[in-house]
Amino acid sequence: AFVIVAEEFPAQHRGWGIGMVGALGACGFGFGAILFGFVEQLPWGWRALYAVGIVPLLVMPRLRRGIRETRRFDHHRAQRIGDDGVGGVRGWLEPLAALARSYPRRVAGVTLAGTLYAAGETGVFQFCGYFTLNTHQWEPWRFSLMVVVAGGVGMLGNVLAGRLGDLFGRRPVGFVVAASFPGLAWLFYHLPGVYLPLLWAFLTVCSVSCNVTIRALATEVFPTSHRGTSGGWLSLVQTLGTAAGLGLVGLGIARGAALPTMVSTLAVLTIVAGASLFLLPETSGRELEEIRGDD
């Protein structure tokens with residue numbers, strides 16, 4: 001979806017379009033948070049959340065059939081008529097190798113930004129439910145209310161980041177929000193519970209804003225021949241970063257560190273992730289074909 005929006009929207013509104021896709025996707029997160037408020041009444045408890053999550057996955061193949069290919073991809077495919085490529089495992093790996101050979105600096109920037117931001121933010125969000133329920137003795141419904149109400153305000157960060165990125169540039173906007181995240185994370189895990197909803201809203205703004213910026217840059221800085229591959233690569237490194245972040249939190253707690261200390265320390269990685277964005281060319285207000293020619 002991000003790739004399609006990047007290829008079809010005009011340059012001056014591309015960031016806003018990508019932000020809107022992120023905002024719509026966040027609605028699913030909010031629905032899951034509402035269900036969590038009833039987790040003690042649902043059949044099978046928390047397992048029911050996974051049963052509900054299967055439904056959209058089952059209908060996705062039918063929905064995607066109504067999506068047309070982009071004009072840029074149709075043009076690219078027409079130029080490759082007769083080129084069948086390679087098959088097998090090599091056929092899966094060759095696009096990644098070609099991406100790295102052609103744009104090593106950009107791949108490095110996307111990899112560092114995606115991996116480090118995912119590793120830095122994952123502990124903050126993955127353990128916030130556990131933290132509020134056990135440390136502050138909240139009921140599940142209270143946590144859900146915070147996520148839906150305060151998080152709903154924070155989700156505006158998707159559109160805000162997209163629009164600000166269109167006006168002032170993706171890289172400076174991404175760096176500012178990424179650098180703000182560790183301080184907010186420390187406050188969330190160390191201040192009294194009365195401040196948590198407000199801090200949650202700001203944390204959500206930072207998180208969605210930076211993720212939208214990284215996703216926008218990862219799709220914009222590569223040509224049509226590599227754009228889908230770059231989006232898949234970003235998703236992969238974000239998954240690996242999330243796993244690494246959770247693993248480091250678990251390792252630290254196993255060695256006696258407190259949860260607030262571990263997640264607050266790891267959150268510092270988001271600053272490095274924001275700085276990594278400057279390895280990429282600025283894309284704001286520029287057509288995709290123009291960006292491709294930058295060093």
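# Rings, cores and a surface patch

Biologist: How many aromatic pairs does the structure hold?

Modeller: Rings of Phe, Tyr and Trp (for Trp, its six-membered ring) pair if their centres lie within 6.5 Å; planes under 30 degrees apart are stacked, over 60 edge-to-face, and the rest tilted. By that rule, the structure holds 10 aromatic pairs. Keep in mind that this is a predicted model, where local features need pLDDT of at least 70 and side-chain atom pairs count only at pLDDT 80 or more, while totals for chains, interfaces and linings use all residues. Residues are numbered from 1 along each chain as its sequence is written, and side-chain values use heavy atoms, leaving out hydrogens and water.

Biologist: Take Phe143 and Trp200: is the pair stacked or edge-to-face?

Modeller: The ring centres of Phe143 and Trp200 are 6.2 Å apart. Their planes sit at 70 degrees, so the pair is edge-to-face.

Biologist: And how many residues apart are Phe143 and Trp200?

Modeller: Helices here are DSSP runs (H or I, at least four residues; strands are E, at least two), numbered from the N terminus. Phe143 belongs to helix α8 (residues 140-154) and Trp200 to helix α11 (residues 196-220), so this pair links distant parts of the chain. The two are 57 residues apart.

Biologist: Are Phe143 and Trp200 buried or exposed?

Modeller: Buried means under 20% relative accessible area, exposed means over 50%, and partly exposed is in between (1.4 Å probe, protein chains only). For Phe143 and Trp200 alike, the label is buried.

Biologist: Phe175 and Phe278 form a pair too, so where is Phe278?

Modeller: Phe175 and Phe278 are edge-to-face, 6.1 Å centre to centre with 65 degrees between the planes. Phe175 is in helix α10 (residues 170-190). Phe278, 103 residues away, is in the loop between α14 (269-276) and α15 (288-292).

Biologist: What is the relative accessible area of Phe278?

Modeller: Its partner Phe175 counts as partly exposed, at 29% relative accessibility. Phe278 is partly exposed as well, with a value of 39%.

Biologist: Which element gives the most to the largest nonpolar core?

Modeller: A nonpolar core is a set of buried Ala, Val, Leu, Ile, Met, Phe, Trp, Tyr and Cys residues joined through side-chain atoms within 4.5 Å. The largest one has 47 residues, and those with the most contacts inside it include Phe181 and Trp200. With 10 residues, the element giving the most to this core is α11.

Biologist: Which residues does Ser264 touch, beyond those up to four places away in sequence?

Modeller: Ser264 sits in helix α13 and counts as buried, at 10% relative accessibility. Contact means heavy atoms within 4.5 Å. On that basis, Ser264 touches Ala185, Trp186, Tyr189 and His190.

Biologist: What about Leu266: which residues is Leu266 in contact with, leaving aside neighbours within four places?

Modeller: Leu266 is in helix α13 (residues 259-266), and at 12% relative accessibility Leu266 counts as buried. Its contacts are Ala119, Gly120, Gly245, Leu248 and Val249.

Biologist: Which element gives the largest share of the nonpolar patch?

Modeller: The patch on the surface is formed by Ile34, Phe38, Trp141, Leu145, Val148 and Val149, with about 590 Å² of accessible area together. Phe38 lies in the loop between α2 (14-36) and α3 (47-64). The largest share, 4 residues, comes from α8.

Methods:
Patch = residues over 30% accessible without salt bridge, like charges linked within 9 Å, V, L, I, M, F, W, Y side chains within 5 Å. Areas by Shrake-Rupley, 256 points an atom, 1.4 Å probe, with all protein chains shown as cover. Salt bridge = Lys/Arg side-chain N within 4 Å of Asp/Glu carboxyl O.
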